Amino acid sequence: MVDAQLAATSDTLFNVAFLAYIVAMVAYFFRLAFTKVSVAGVPVSTAAGQRVGLVATIVASAGAAAHLGSLVSLAMAVNRVPWANMYEYSSCLALGTVVVGLAVVQRRFGYGHLMGFVLALAVFSMASALLLYAEPGPVVPALTSYWITIHTSAAMAASSIFIVGFAASALYLVKDTAERRLAAASGASFSGSTVGAAYAGGTDTDARPEGHLEVDDDEPVVGAIAQRDTLSPIAFPVIPFIVVATFVFTVWRAPLATLLAGSVAALLGIATWYAVPYLPPAAKLDSLAYRIIAFAFPIWTFAVLAGAIWAQEAWGRYWGWDPKETGSFFTWVLYAGYLHARSTKGWRGRGAGWLAVVAFVALMVTYYAVNLFVVGLHSYAGV
Amino acid sequence: MTDTTTSPPPAPAGDPGPSQRALPPIPGPLDTAKRAWRILRRMSTALWLLLALAIATIIATFIPQEPVIPSTVAEWRAGVTGPGEGVAAAFDALSLFDVFGAPWFMGLTALLLISLTGCLVPRIRGFWRLTRRAPAGGRNLDRLQHTVEVRTDLPPDEALATARRLLRRRRFRVRDLARPDSPTGNAQLAAEKGHWREGGSILFHLSFYVLLLGAVIGHSFGFVGQVNVVEGAAFADTRLSYLGAAQPGRWFPDDGHRGFTVALDDFTVDYFPDPEAEAIAEAEGRPTGLTPRDFVSTVTIREDGEPVATEQIRVNHPIEHDGMKLYQIRFGFAPRIEVANASGAVLYTDAVQLIEEGPFVWTGVAKVAAFDVENQIALELVLLPDAGFGADGMPMSRTPEARNPRLAAVLWYGELGLDRNIPPREFDRESGRRLAQPLILEPGETGEFDDIGLTVSFPELPFWSGFQVSHEPGRELLLAGSALMLAGLLPSLYAYRRRVWVDARADGDGTTLTLAGVALQRKQTFGEAFDSLADDLRSEVGDTAAPPRQEP
């Protein structure tokens, strides 16, 4: 039935991965601090920054490998797919986030210095997995279908990619604000480098930043540093603290977890504030977010459609406005809205960016809040 | 609208009254309609409508919906749970308990459809023209971002033939422009690709009409009914079998049922063993939840009394017979009981379908006899499938499995309202009276209420199994619509429009080819593709102008 030895191995490897992600996150943030991004968007690292970055990549990859081992041994222990409850699903989400971050953000696009933020989101997923921990066990007949492989894995893949997309959208909004304020402060006419630049093809948005040069660590990047001064150092830690703490408290009612998660979010906020000058230009972040979300959207569409087909097989109706179905639908509508907004006058740029953030919140609500609070047919998937 | 009879008399001079102020002309209904149409066609309007749709669905996620969980809605209305009666009344006024059946939701959907149609009609027209129009010739090719000159000894027409082959291989649509038609005065090839971007997007949006049509057909011509049947019994596919649990489509006729009968030969449920959890629960004196492995109903289908098929219906494995689909949806215990009076005359014999109330506690009512209004008998039944005692000393069921079943029967008598039209599981507890001492029976046992001489037998404990029976037209359309949606979505996001020209200028006894290209999306990847195209062109026509490749 449940192989206790393998289940224990899985738990151990999970903890190893968790630790590795935290270490990698810190290392990536160090790398960010040692990296300057020139006006053209090319990241330039010091030698120390490069070394730290290499360590971060190795640790994150090793963590992902251990995590994969954890999931494989779990699957072998229970003899089914390792994503049948919220602990397992959150764990898979974290792995997906790290893998997408490493493969797409770091390798494909070359934005390795953004990985700290991606890892932070993965760490949040891991922490939520621990809070939702469930003993490995068998599943109810409704879940014993090959559709659990198809529907759930598609939903998971899309969600992981959306998580990475959220990091890009949020950073875009921050960077864009800083760029605008700096331009306004310096009296320069700001033409809106961000306004749908990627879509309209005004700039070379696909340029792969390359060439890590040796630079003098003490030489300030003039102008860019001033971006930081346009943003409030108080709002940046406080707002994430309030948002995350409220969310964690309403979901789990655990004061310690609330405080911890809130503090991590506050740290992340202040790190973002500090990192603003070193982030790629807003137009590039906007393009990155679009490319990532446009990649996930068809997968999410497929997940919803496959879910409808499975619902027909298992429950005798393809769509019953069950809370989970409704949730996945509004998430889909909001992301569809984002894709449309990027090519709509008056919405391009910041409007679309905010829509992406709202859509991500909808995704989180669909996953956590609907599973934990609302009684529906997907309720067995809770905890 | 400028009729004089409605306008006020002219104001006295020196007092510029309201009639003298320049009022904007009031638009006629046609103008208003045109304007509304123009607004609806805007992409930003569509976005607002999408947002409204998202908000409506968010509301429907967090406010219980009557068609999904009517019991919770009833509790909210009564103020037992939820935000209170006043708020619930407000929700009701806005039909927030049934968002997806609300008139305003219908209106929103209709507006979205109109907006979609308004967007699509001009796009389809434009796309039709675009795909039928041959690629246009190019002038000033050397000013484009991607441009390359290739010098070859081939005559112009041969060089162009080579270039044409190259472009076709890369799936470009190629048009030959002979010298008089060409904007440069030279023979030219104009090529383009990537129309699937717009075409895919149109397909994606058209798929909504297919999905809607499929859903409407399913709702109008389909049927959904639910029926519970006890092991050994049968039901027929007629409207009467699904009384109270039938949702026929508007145009599903009452005699649209097939009339075959389904006999439940056997029902089994088995659970994953979990001795560890059971031991812990046993020590703590509480019930153990077990995860079911499978529910299986074995049924025999008969047409005109002749058995035609024996099949197993399981969760995730529905069966289909004669256009009706049968799904396994629920199950329960149905103890068979027999009630006889003191003289041995059988008053009642039936398998009573029990419903689970609380962990593994199954309850039900056997309406034994109604001799007259004041003289009636009913049995209130409680079944514990795996009877034992909890930590508090109260009886409980240790597990959901029927390992040690005990049936408790409480006798009610007097004016129970059995002659009235009341739901199967209810009777009048106010005016009825009950015997204090219940009978506790195990399967095969017979007990007697001593005072009255009434005997109750509990010969066996069969299951009942609940099926959904549905007729589902339009499913193929829904599947086709889903496939169309994905098939359109992928190219609409990942196909990119590119235009390329090859211009052949006669140059001595050879030709100078100008290769130029423009990308409408994803310019960087086009740079790489363009370079590779240029390399291929050079090597195929034998570039004589390019510097010789360096050999090691």
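1. In this predicted model, Ser95(B) sits in the loop between helix 4 (85-93) and helix 5 (103-132) of chain B, and its phi is positive, at about 45°, although the residue is not a glycine. Most residues other than glycine have a negative phi. A colleague looking at the backbone of this loop may therefore wish to note the sign of the angle at Ser95(B).

2. Chain A offers a further case of this kind in Asn79(A), a residue other than glycine whose phi is positive and near 60°. Asn79(A) belongs to the loop between helix 2 (47-78) and helix 3 (86-108) of chain A, and with a relative accessible area of 69% it counts as exposed, because the cut-off for that class is over 50%.

3. Another loop residue of chain B is Phe172(B), which is placed between helix 6 (156-169) and strand 2 (173-177). Is its side of the chain B loop buried or exposed, to judge by the relative accessibility of Phe172(B)? Phe172(B) counts as buried, because its relative accessibility of 9% falls under the 20% cut-off. The C-alpha atoms of Phe172(B) and Ala191(B) are 5.8 Å apart in space, while the two residues are 19 apart in sequence.

4. As for the overall make-up of chain A, the model shows 12 helices and two strands, and the order from the N terminus is one helix, then the two strands, then helices for the rest of the elements. Chain A has 383 residues, of which 60% count as buried.

5. Helix 1 of chain A, which covers residues 4-33, includes Phe30(A). Together with Ile22(A) and Val26(A), Phe30(A) makes a nonpolar surface patch of about 250 Å². Phe30(A) has a relative accessibility of 46% and so counts as partly exposed, since that value lies between the 20% and 50% cut-offs.

6. The second largest pocket holds about 1600 Å³ of space, and it is lined by 47 residues, of which Phe166(A), Pro240(A), Val243(A), Val244(A) and Ala265(A) are the closest to its centre. Several helices of chain A each supply at least two residues of this lining, namely helix 1, helix 4 (115-131), helix 5 (147-185), helix 8 (235-252), helix 9 (255-275) and helix 12 (350-373). Sorted by class, the lining consists of 39 nonpolar, six polar and two charged residues.

Notes. Residues numbered from 1 in each chain as written. Chains lettered and ligands numbered in written order. Predicted model: local features only at pLDDT ≥ 70, side-chain atom pairs only at ≥ 80, totals over all residues. Heavy atoms only, no water. Patch = residues over 30% accessible without salt bridge, like charges linked within 9 Å, V, L, I, M, F, W, Y side chains within 5 Å. Areas by Shrake-Rupley, 256 points an atom, 1.4 Å probe, with all protein chains shown as cover. Salt bridge = Lys/Arg side-chain N within 4 Å of Asp/Glu carboxyl O. Helix = DSSP H or I, 4+ residues; strand = E, 2+ residues; numbered from the N terminus. Buried < 20%, exposed > 50% of the residue type's maximum accessible area, 1.4 Å probe, protein only. 1 Å grid on protein atoms, 1.4 Å probe; cavity = no way out; pocket = protein on both sides within 12 Å on 5 of 7 lines; lining within 4 Å. Points joined across faces, edges and corners; volume = space filled by probe spheres on them. Nonpolar A, V, L, I, M, F, W, Y, C, P; charged D, E, K, R; others polar.
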